[in-house]
Protein chains: 2
Amino acid sequence: MSPRKTAAETRHTRQRILDLGLVLASAEGLEGLTIGRLAAELGMSKAGVIGHFGTKESLQLAVIDAAAELFVREVPERARGVPRGLPYLRAAGDAWISYLERDLLPGGCFFTAAAAEFDGREGPVRDAVVRMSAFWQRELRVNIWRAVSLGELPPDTDIDQLLYEIVAIMLALNHFRQLHGDVQAPARARRALERLL
Amino acid sequence: MSPRKTAAETRHTRQRILDLGLVLASAEGLEGLTIGRLAAELGMSKAGVIGHFGTKESLQLAVIDAAAELFVREVPERARGVPRGLPYLRAAGDAWISYLERDLLPGGCFFTAAAAEFDGREGPVRDAVVRMSAFWQRELRVNIWRAVSLGELPPDTDIDQLLYEIVAIMLALNHFRQLHGDVQAPARARRALERLL
DNA sequence: CCTACCGATCGGTAGG
DNA sequence: CCTACCGATCGGTAGG
């Protein structure tokens with residue numbers, strides 16, 4: 001009867017926009033993501049694209065959410081069921097390296113790119129990136145703490161120092177892989193992580 | 001006689017453009033750097049700005065050169081005269097941390113930001129960023145090799161692994177400082193570096 | 001170095 | 001979801 005799309009079709013279109021937005025934003029940045037380009041590549045009008053989100057900023061926030069979903073699916077979900085503490089840290093670290101190694105997004109780790117892009121700015125987009133980054137670091141920190149409590153790591157472990165060094169390994173993996181095309185970077189990351197844990 | 005500017009004045013204007021361009025690009029990215037904004041903040045016309053460079057891409061390349069000059073002045077120059085090998089690595093590492101700690105540019109390390117922005121693209125700008133990054137890493141690598149040769153580091157040292165971990169420390173310093181405002185990050189970087197060297 | 005201007009694209013809106 | 005349109009800004013040029 002009605003030419004209107006069903007709710008399911010609307011959701012599907014929205015997801016198509018976000019899937020492509022994630023790919024484009026990882027390569028060109030969240031600011032370089034434009035409504036016109038999304039529309040052209042999806043065979044839609046600009047109004048059709050932005051209608052799902054209202055403003056470009058809302059679109060950027062939705063893409064960040066989509067990136068977070070991808071990361072959660074690829075890293076913490078793969079360590080689910082593993083005992084908290086050192087085993088969890090090792091499983092999550094392996095999943096994290098594997099996630100970066102498989103190049104799921106053309107621009108590498110979405111959050112590394114977004115963090116570098118927005119660390120000098122202010123506003124809701126920066127805040128969302130900070131929130132996601134902080135959330136995952138809290139998750140790691142809790143597990144480091146537990147590993148120390150259980151005696152899986154030395155009692156004099158500096159928890160924030162170890163967290164710093166784990167994050168450093170992953171940032172470097174993304175850097176060497178994306179900028180220098182270094183195929184040995186995942187092996188280096190694994191070796192560095194083994195030494196820490 | 002002539003209303004034309006002298007060559008010295010022209011050079012001075014060009015340098016003013018580059019100085020501001022470096023500040024703006026570190027915060028908003030090399031792509032976010034616009035000719036119109038530079039012109040407005042310098043009280044010039046757009047034609048006056050772009051006339052010094054020809055195209056935006058040439059302007060971006062000139063800003064990269066200016067960033068390289070700043071880095072060289074702040075890091076390798078400060079380690080000049082220090083014996084090559086482990087002493088040089090320690091001096092350069094301290095200067096590098098100090099450079100990031102003093103927040104000389106509002107967006108943190110220019111090359112870290114530029115690397116993340118252009119690692120998913122192609123062209124002369126990306127190539128220039130890769131070249132600068134590779135140059136400095138070669139410098140570090142030579143000194144690691146020498147430190148091993150001189151017995152300052154263990155003979156079984158994996159040179160590229162150590163280089164990877166040094167770069168990782170600096171990437172993390174920039175990340176924690178810029179994104180999370182972590183004032184303890186420089187201390188963490190120093191501690192991690194001491195453990196490596 | 002300027003004014004004056006170009007076509008292209010930006011994010012976004014009105015109305016259907 | 002579309003067409004048609006808006007003002008603003010983009011990089012860049014002509015001519016002086």
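This section describes the fold of chain A and the surroundings of DNA strands C and D in a predicted model.

Chain A is built from nine helices and contains zero strands, so that its elements, read along the sequence, follow the pattern α-α-α-α-α-α-α-α-α. Taken along the principal axes, the C-alpha atoms of chain A fill a box of roughly 65 × 40 × 30 Å.

Within this helical chain, one pair of helices can be described in detail. Helix α7 of chain A, comprising residues 124–149, packs against helix α8 of chain A, comprising residues 159–180, at an angle of about 130°, and the two axes are 10 Å apart. Angles over 145 degrees would count as roughly antiparallel and those of 65 to 115 as roughly perpendicular; α7(A) and α8(A) are therefore oblique to each other. The crossing in which α7(A) passes α8(A) is right-handed. On the side of α7(A), the contact is formed by Gln137(A), Leu140(A), Arg141(A), Ile144(A) and Trp145(A), which meet Ile159(A), Asp160(A), Leu162(A), Leu163(A), Ile166(A) and Val167(A) of α8(A). By class, the residues of this contact comprise eight nonpolar, one polar and two charged.

Turning to the DNA, strand C is surrounded by 16 residues, of which the closest are Thr34(A), Lys46(A) and Lys56(A) from chain A, together with Thr13(B) and Ser45(B) from chain B. Of the atoms of DNA strand C that come within 4 Å of the protein, 57% are accounted for by sugar and phosphate. Several contacts to phosphate oxygens of this strand can be specified: a polar backbone atom of Lys56(A) is 2.4 Å from a phosphate oxygen of DNA strand C, while an N or O atom in the side chain of Ser45(B) is 2.5 Å from a phosphate oxygen of that strand. His52(B) also takes part, with a polar side-chain atom that lies 3.5 Å from a phosphate oxygen of DNA strand C. With regard to secondary structure, at least two residues of the surface near DNA strand C are supplied by each of α2 (35–42) and α3 (46–50) of chain A and α3 (46–50) of chain B; among these helices, α3(A) gives the most, with three residues. The residues of the surface near DNA strand C fall into six nonpolar, eight polar and two charged.

Around DNA strand D there are 17 residues, and those that come nearest are Thr13(A) and Ser45(A) from chain A, with Thr34(B), Lys46(B) and Lys56(B) from chain B. Sugar or phosphate makes up 57% of the atoms of DNA strand D within 4 Å of the protein, the rest belonging to bases. A polar backbone atom of Lys56(B) is 2.4 Å from a phosphate oxygen of DNA strand D, and a polar side-chain atom of Thr34(B) lies 3.1 Å from a phosphate oxygen of that strand. A contact to a base is provided by Lys46(B), a polar side-chain atom of which lies 2.9 Å from a base nitrogen of DNA strand D. The surface near DNA strand D draws at least two residues from each of α3 of chain A, α2 (35–42) of chain B and α3 of chain B, and α3(B) gives the most to this surface, with three residues. By class, the surface near DNA strand D has six nonpolar, eight polar and three charged residues.

Technical notes. Residues numbered from 1 in each chain as written. Chains lettered and ligands numbered in written order. Predicted model: local features only at pLDDT ≥ 70, side-chain atom pairs only at ≥ 80, totals over all residues. Heavy atoms only, no water. Near = heavy atom within 4 Å. Polar contact = N/O pair within 3.5 Å; in protein donor to acceptor, adjacent residues only side chain to side chain. Helix = DSSP H or I, 4+ residues; strand = E, 2+ residues; numbered from the N terminus. Nonpolar A, V, L, I, M, F, W, Y, C, P; charged D, E, K, R; others polar. Axes fitted to C-alpha atoms, helices over the stretch in contact; angles between N-to-C directions. Parallel < 35°, antiparallel > 145°, perpendicular 65-115°, else oblique. Left-handed = near helix turned anticlockwise from the far one by under 90°. Contact = heavy atoms within 4.5 Å.
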